[in-house]
Amino acid sequence: MSIIATVVVLLIAVLHVYILVLEMFLWTGPKARASFGTSAEFASATKALAANQGLYNGFLAAGLVWGAVASDPVGFQVKVFFLVCVAVAGAYGAATASRKIVFVQTVPALVGLALVLATR
């Protein structure tokens, strides 16, 4: 179970690195605009804001990787903290931006959290 939990945590980290790339580097391109449902004009006007948001996703990814590689008890505590952060960010995003965020961020984070807690 511990290996499965760690793999899920790392997959969530990879997801957040992908989001970082979309928001920081590809925001005005067609892939990011399609992913986030934005127009070229909106993407251009919000490029700096999106890059900032992408940076925060990078911090989430870094924290998840740290938790996955750190030994316990720190590793466990860090994984729990960052998975809760991802779940809360996803819930807020779903409430304020797009409901699909709950399935992209919150649900995987809660699954990961349940797996991490089950290993304890």
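Which hand does the crossing of H1 and H5 have? It is left-handed, and here are some notes to help you find your way around the rest.

1. Before you start. This is a predicted model, where local features need pLDDT of at least 70 and side-chain atom pairs count only at pLDDT 80 or more, while totals for chains, interfaces and linings use all residues. Residues are numbered from 1 along each chain as its sequence is written, and side-chain values use heavy atoms, with hydrogens and water left out.

2. H1 and H5. Helices here are DSSP runs (H or I, at least four residues), numbered from the N terminus. Two packed helices are described by the angle between their axes and the distance between the axes. For H1 and H5 the angle is about 45° and the axes are 12 Å apart. The axes are lines fitted to C-alpha atoms, for helices over the stretch in contact, with angles from 0 to 180 degrees between N-to-C directions. The pair is therefore oblique (under 35 degrees is roughly parallel, over 145 roughly antiparallel, 65 to 115 roughly perpendicular, and the rest oblique). As for the hand, a crossing is left-handed if the near helix is turned anticlockwise from the far one by less than a right angle, and right-handed if clockwise.

3. H4 and H5. Helix H4 covers residues 47–69 and helix H5 residues 74–96; they pack at about 155°, axes 7 Å apart. That makes H4 and H5 roughly antiparallel to each other, and their crossing is left-handed.

4. H1 and H6. Now look at H1 against H6: the angle is about 155° and the axes are 8 Å apart. These two helices are roughly antiparallel as well, with a left-handed crossing.

5. The link between H4 and H5. Pro73 sits in the loop between H4 and H5. Check the bond before it: Asp72 and Pro73 are joined by a cis peptide bond, with omega about 10°.

6. Residues on H4 and H5. Is Val69 buried or exposed? Val69, in helix H4, counts as exposed at 65% relative accessibility (buried is under 20%, exposed over 50%, partly exposed in between, with a 1.4 Å probe and protein chains only). The C-alpha atoms of Val69 and Leu55 are 21 Å apart, with their positions 14 residues apart along the chain. Val78 belongs to helix H5 and is buried, at 8% relative accessibility. Val78 and Trp66 are 12 residues apart along the chain, and their C-alpha atoms are separated by 7.3 Å.

7. A residue on H6. Leu113 is part of helix H6, residues 101–118, and is buried with a relative accessible area of 14%. How far apart in space are Leu113 and Val80? The C-alpha to C-alpha distance is 6.3 Å, with the two residues 33 apart in sequence.

8. The loop after H2. Thr38 lies between H2 and helix H3 (40–45). At 17% relative accessibility, Thr38 is buried. Thr38 and Thr28 are 10 residues apart along the chain, and 8.9 Å separates their C-alpha atoms.

9. A surface patch. Which residues make the nonpolar surface patch? Val17, Val21, Phe25 and Leu26 do, and the patch is about 340 Å². Patches take residues with over 30% relative accessible area and no salt bridge, joining like charges within 9 Å and nonpolar side chains (Val, Leu, Ile, Met, Phe, Trp, Tyr) within 5 Å. A salt bridge is a side-chain nitrogen of Lys or Arg within 4 Å of a carboxyl oxygen of Asp or Glu. Phe25 is in the loop between helix H1 (2–24) and helix H2 (30–36), and is exposed, with a relative accessible area of 59%.

How values were computed. Areas by Shrake-Rupley, 256 points an atom, 1.4 Å probe, with all protein chains shown as cover.
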